[in-house]
Amino acid sequence: MSLDDLYQDLILEHARYPHHRGTLSDPTVTLDAQNPTCGDEIHLQLKLSGDERKIEDIAFSGHGCTISQASASMMTDLVLGLSVKEALEKVQAFQDMMRTGEPREELGDAVALAGVSRFPVRIKCALLAWMALKEALEEAGAM
Ligand code: ZN
């Protein structure tokens, strides 16, 4: 089994059984993001700690292609429990990976999306959840 096959399986599994899918009862911020070129939609909710420095809970809903939904599942796994600063570093690492195609191990399961960088039209699908996270943190005044 090649690395590409392993990555493919990981992407399909996240898309089929997304982690942190749903809604929060008491979100600090809710953000809707769309990728019109593909029709992907993400509704992201964050619960920040009282001092707004830490992501205490996270959930997403929405619909779209396999890449967009898998990426959202992977992102929520990765940033839950992180500080705002750490989460933004992960967003930056993911953006870098989409630009360069270099796998970034610190991205957890999301490293499986490195190959998406070869398909420019799909990069927006992969980036959607990460850009939504960044915008949500901005909106919450946490940056
Ligand atoms: Zn898409």
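## A buried cysteine

Let's start with Cys125: its relative accessible area is just 1%, so Cys125 counts as buried (buried means under 20% relative accessible area, exposed over 50%, and partly exposed in between, using a 1.4 Å probe and protein chains only). Cys65 is buried too, while Cys38, at 36%, is partly exposed.

A word on the model: it is predicted, so local features need pLDDT of at least 70 and side-chain atom pairs count only at pLDDT 80 or more, while totals for chains, interfaces and linings use all residues. Residues are numbered from 1 along each chain as its sequence is written, and side-chain values use heavy atoms, with hydrogens and water left out.

## The zinc site

What holds the zinc ion? Its protein donors are Cys38 (SG), Asp40 (OD), Asp40 (OD), Cys65 (SG) and Cys125 (SG), lying 2.1 to 2.7 Å from it. Donors here are N, O and S atoms within 2.8 Å of the metal (3.2 Å for Na, K and Ca); water is not among the atoms, so sites may look incomplete.

Along the chain, these donors follow the spacing C-x1-D-x24-C-x59-C. Cys65 and Cys125 link distant parts of the chain, 60 residues apart: Cys65 sits in the loop between strand E3 (55–63) and helix H2 (66–79), and Cys125 in helix H4 (residues 120–139). Helices (H or I, at least four residues) and strands (E, at least two) are DSSP runs, numbered from the N terminus.

## No disulfides

How many disulfides turn up in the whole structure? Zero, where a disulfide is a pair of cysteine sulfur atoms within 2.5 Å.

## Around His14

His14 belongs to helix H1 (residues 3–16) and is buried, at 3% relative accessible area. Beyond neighbours within four places in sequence, His14 is in contact (heavy atoms within 4.5 Å) with His19, Ala70, Ser73, Met74, Asp77 and Asp109.
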